[in-house]
Amino acid sequence: MMGFARINWFKYSSPQAFYPLAGRLIPWCAAAAMLLIGAGLYLGFFVAPTDFQQGQSYRIIFVHVPAAWMSMFLYVVMAIWAGLGLGLNARPSFMMAQAIAPTGALFTFLALVTGAMWGKPTWGAWWVWDARLTSELILLFLYGGVMLLRTSIDDSRRADRASAVFALVGVVNVPIIYFSVRWWNTLHQGASVSMTAAPKMAATMLMAMLVMTLGFWMYSLAVTLARMRCVILERERQASWDTPPSQQDALEVS
Amino acid sequence: MKPRQKRFVLIGLGLVALAVAAVLVLNAFQSNLVFFFTPTQVANGEVPQGRSFRIGGMVEQGSLTREGDGLTVHFIVTDMAKRVPVSFKGILPDLFKEGKGAVAQGQLGADGTFIASEVLAKHDENYMPPEVAEALAKAKAKGAQSSSTLVVQPQ
């Protein structure tokens, strides 16, 4: 561990050095994700008590809430990478933003779908146009916009800049989603878990939700790193360090 | 200033401008962004006239009555300050209960009764096992349980 602090982290800002590092990290993140999500689902579905009002249907929060958190968090992370890319003129930052977007979109979709599944038995409606639900739907469109904008521009430098600007503009939506339940009266309930107040849920339930969130983090890391490797291979195909993936893996082992 | 710092400053300024624009827009649309109006707003005449809107609040304890046809229900929605009687013909959601939140869509009748075409249950942010809920209910058996999400401060 002594050497840990002395690692030159900037070394990994070059795709060439990042590629094998990502390859080494992916299995660990993936294993941690499987363990944590497995444990979280077990805790949530079998250990946590039923809810006094909703009975069993509340158990969807163990997927819904972590997915919704991740959808907002990943957008902010993507926007930060996009901003760094624009500011530093750094291609790897743009690649990072590119690699994060589909995972963020996936979690947004998951949050919306699980929310609808919960809304029907609880509220009596699959979907309502209240501020929380609508702003989360806009988040999905923003992710879609970022990805579409990139694919619609052939020149990768211009695609990077355009989608980065788009991602940064969309970041205003994140605080709107988060605070929507406080600023306006919505059908969606307020936050049960927040930084400022004591959680309004039983300890086991909270525990299961936090374990799931950690699991989703690890999943996001694993998938983003794997996607990053694909992005690097695709975009650095002219570079001299690049070799076909099969040989690259062989080189890593040696 | 280095070009790099200049770019970061530009990005920062852009984000600030965007945030200001967002705040202005959201303020301008404030009244359109609320999902429901509170009984106080109804009493003050702040609700749209002659068209459908939503009203939200807590279903008053003991106010729920059913007509002979088994489908038509009457109840009172309150925000602890004002009360609005609501009538609704249809199936109520499972979680619709007295003392809990509800949101109804419909129109205000001439007699001040709100004729609802749709009723949704509003869930609060409290999650607990039934035993805890029972213990809590016993502890404050006298006081009516209030849900913090439903007491909406008038803006």
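Domain bounds, as used here, come from an automatic or database domain assignment. On that basis chain B of this predicted model is divided into domain 1, covering 3–32, and domain 2, covering 35–126, and the C-alpha centres of domain 1 of chain B and domain 2 of chain B are 39 Å apart.

Turning to the interior, the largest nonpolar core holds 59 residues, and the members that touch the most others within it are A:Met78, A:Ala82, A:Ala97, A:Ile100, A:Ala167 and A:Met212. Two or more residues of this core come from each of the chain A elements α1 (15–47), α2 (61–88), α3 (91–122), α4 (131–152), α5 (156–170), α6 (173–183) and α7 (203–235), with α2(A) giving the most, at 15 residues. Leaving aside residues up to four places away in sequence, A:Ala82 is in contact with A:Ala97, A:Ala164, A:Ala167 and A:Leu168. Apart from this core there is another, made up of 31 residues, which include B:Ile55, B:Phe75, B:Val103 and B:Phe114.

The two chains also meet each other, in a contact that draws 34 residues from chain A and 32 residues from chain B. On the side of chain B that touches chain A, the elements giving two or more residues are α1 (3–28), β6 (114–122) and α4 (130–139) of chain B, and among these α1(B) gives the most, with 8 residues. By residue class, this side of chain B comprises 22 nonpolar, 6 charged and 4 polar residues.

Note on methods
Residues are numbered from 1 along each chain as its sequence is written. Chains are lettered from A and ligands numbered from 1 in the order in which they are written. This is a predicted model: local features need pLDDT of at least 70, side-chain atom pairs count only at pLDDT 80 or more; totals for chains, interfaces and linings use all residues. A nonpolar core is a set of buried Ala, Val, Leu, Ile, Met, Phe, Trp, Tyr and Cys residues joined through C-beta atoms within 7 Å. A residue is buried if 20 or more other C-beta atoms lie within 10 Å of its own, exposed if 12 or fewer, and partly exposed in between; C-beta atoms are placed from the backbone. Helices (H or I, at least four residues) and strands (E, at least two) are DSSP runs, numbered from the N terminus. Two residues are in contact if their C-beta atoms, placed from the backbone, lie within 7 Å. Ala, Val, Leu, Ile, Met, Phe, Trp, Tyr, Cys and Pro count as nonpolar, Asp, Glu, Lys and Arg as charged, and the others, Gly among them, as polar.
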